[in-house]
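Student: I'd like a close look at one part of this model, the place where the two protein chains meet. Could you walk me through it, and then carry on to what lies around it?

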Protein chains: 2
Amino acid sequence: MAQEQANSVGTAMAILDIAERLVQQRGFNGFSYADVSAELGITRASLHYHFAGKAQLGEALISRYATRFAASLTDIDTLAAPPIGKLRSYCEIYRGVLAEHRMCLCGMLAAEFDTLPGAVRQAVINFFDQNQAWLSAFLERSSEAGALRLVGPPDRAARTVIAALEGAMLVSRPYGDTAVLDSVTDRIIEEFSA
Amino acid sequence: MAQEQANSVGTAMAILDIAERLVQQRGFNGFSYADVSAELGITRASLHYHFAGKAQLGEALISRYATRFAASLTDIDTLAAPPIGKLRSYCEIYRGVLAEHRMCLCGMLAAEFDTLPGAVRQAVINFFDQNQAWLSAFLERSSEAGALRLVGPPDRAARTVIAALEGAMLVSRPYGDTAVLDSVTDRIIEEFSA
DNA sequence: GTCTATAACGAGATAGAC
DNA sequence: GTCTATCTCGTTATAGAC
């Protein structure tokens, strides 16, 4: 039974892996169950066993993505590095995604926001709120410790950094490289360096 | 005959107006000929008379958008204002779009890039190249005149500004306001102020 | 859990009348 | 230019066998 469950979970995970990449590269309206089916080698009907509909699949996608992202942020928190180094690590999360020719999952969904199922919309908002809350707290803490130059309120700075990184990923896509994102990252680091 | 041509051009323009808004709000993969048809009150077949296929419609969309955008840039050039004021006017182009609950047309298409017809892809790249070329030249010129503080090469600065503005529009969408874009605009103005 | 079969609908596109 | 009619295909989803 443990094995059967493991297979089920394994299949669900494999579906999420493929769907996640497809959404990041093609958008929520740019992929179908047929795409996942062909790549995974099981029928569309079987996909519906694991995820009843595209909306539920979308929710599961963001849920797992947000959990992973939060884990990455916790990793940064526990890093033995100065705040500027941690800020660079934060930027490198985005770089790793773009290097795989992917858009940030929730950045992509933000573009398609008006067409998304209600539950998926809320999950996108929650992701950005969570992301901003962490970055804002990090910037404030680091600034108070004198390890980072922060002008203006931390939540405003956090929103600006997130916007710049998401936008850098977006405009990088047509060119197929990370040049713009690297430029933006350098500027962010300079901006917060004392 | 002049009247007939005027009607034809009028219909084509009306189609472009509706399709442009739909793409900016829902994405290229998030709208259909049926949507335009319903809103304009003519059949899908009639739409195909004016634009043979979705790919051609997409090309026409970007072509008109790029022309209008270029005209806005020329307007800024001829403005009787200091460079910082012109830079603010540039940012306000983006704000006007977002205020109508729209994404930048080419920002939206950049997200969907992998799924676009080849000709549309190239048009998106051309738009960003044109946009960057203007902004880069403007920043360099203004900096040399001492009216603007520019650190690093102008093309790098131009790409960063565009990325920040596009990203600000993107992450603003789920929240339905212009708060993030306004914050980003303020930061850009501060950054280039002497 | 996965399959075959099929339903039900929507999308892009074309032919040909008016 | 716009229409009706039709075609073909893709997409989401369900029923029921194995």
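Student: How many residue pairs are in polar contact between chain B and chain A?

Tutor: Keep in mind that this is a predicted model. Between chain B and chain A, 12 residue pairs are in polar contact, counting pairs with both residues at pLDDT 80 or more. As for who sits on the chain B side, helices H1 (2-26), H6 (105-111), H7 (118-144), H8 (154-172) and H9 (179-192) of chain B each give two or more residues to the side that touches chain A. H8(B) makes the largest contribution there, with 12 residues. By class, that side of chain B has 20 nonpolar, eight polar and 11 charged residues.

Now the overall contact. Chain B puts in 39 residues, and chain A puts in 39 residues. About 3,600 Å² is buried between the two chains, and carbon and sulfur atoms give 59% of that area. Charged groups have a part as well, since five salt bridges are found across the interface of chain B and chain A. One of them pairs Arg173(A) with Asp114(B), and the closest N and O atoms of that salt bridge are 4.0 Å apart. That distance is right at the cut-off, which is within 4 Å for a salt bridge.

The symmetry ties this together. Chain B superposes on chain A by a rotation of 180° with 0.0 Å of shift along the axis, at an RMSD of 0.0 Å. That is what a two-fold axis does. If you want a landmark for the axis, take Gly167(B): of the residues of chain B, Gly167(B) comes closest, with its C-alpha at 1.7 Å from the rotation axis. And 100% of the interface residues of chain B are also interface residues in chain A, so the two copies meet through the same surface.

It helps to have the single chain in mind too. Chain A has nine helices and zero strands, and its C-alpha trace spans about 55 × 40 × 30 Å along the principal axes. There's a backbone detail to look at in each copy. His101(A) sits in the loop between helix H5 (83-99) and helix H6 (105-111) of chain A, and its phi is near 60°, a positive value in a residue other than glycine. Most residues other than glycine have a negative phi. In chain B, His101(B) is in the loop between helix H5 (83-99) and H6, and phi of His101(B) is also positive, near 60°.

From the protein contact, let's move to the DNA, strand C to begin with. There are 18 residues around DNA strand C, and those that come nearest are Ser8(A), Thr43(A), Ser46(A), Tyr49(A) and His50(A). Of the strand C atoms that come within 4 Å of the protein, 63% are sugar and phosphate. The surface near strand C draws on both chains: helix H1 (2-26) and helix H3 (44-50) of chain A, plus helix H2 (33-40) and helix H3 (44-50) of chain B, each supply at least two residues. H3(A) gives the largest share, four residues. By class, the surface near strand C has seven nonpolar, nine polar and two charged residues.

Zooming in on atoms, the side chain of Ser46(A) has an N or O atom 2.9 Å from a phosphate oxygen of DNA strand C. Tyr33(B) uses its backbone, with an N or O atom 3.1 Å from a phosphate oxygen of strand C. His48(B) goes for a base: an N or O atom in its side chain is 3.4 Å from a base nitrogen of strand C.

Next, DNA strand D. Here 19 residues surround the strand, and the closest are Ser32(A), Ser8(B), Thr43(B), Ser46(B) and His50(B). Sugar or phosphate makes up 60% of the strand D atoms within 4 Å of the protein, and bases make up the rest. Among the atom pairs, an N or O atom in the side chain of Ser46(B) is 2.9 Å from a phosphate oxygen of strand D. Helix H2 (33-40) and H3 of chain A, together with H1 and H3 of chain B, give two or more residues to the surface near strand D. H3(B) has the largest share of that surface, four residues. Thr11(B) places a polar side-chain atom 3.5 Å from a phosphate oxygen of strand D, while a polar side-chain atom of His48(A) lies 3.5 Å from a base nitrogen of strand D. By class, the surface near strand D has seven nonpolar, nine polar and three charged residues.

Notes: Residues numbered from 1 in each chain as written. Chains lettered and ligands numbered in written order. Predicted model: local features only at pLDDT ≥ 70, side-chain atom pairs only at ≥ 80, totals over all residues. Heavy atoms only, no water. Contact = heavy atoms within 4.5 Å. Buried area = accessible area lost by both parts, 1.4 Å probe. Salt bridge = Lys/Arg side-chain N within 4 Å of Asp/Glu carboxyl O. Polar contact = N/O pair within 3.5 Å; in protein donor to acceptor, adjacent residues only side chain to side chain. Nonpolar A, V, L, I, M, F, W, Y, C, P; charged D, E, K, R; others polar. Near = heavy atom within 4 Å. Least-squares fit on C-alpha atoms with pLDDT ≥ 70 in both.
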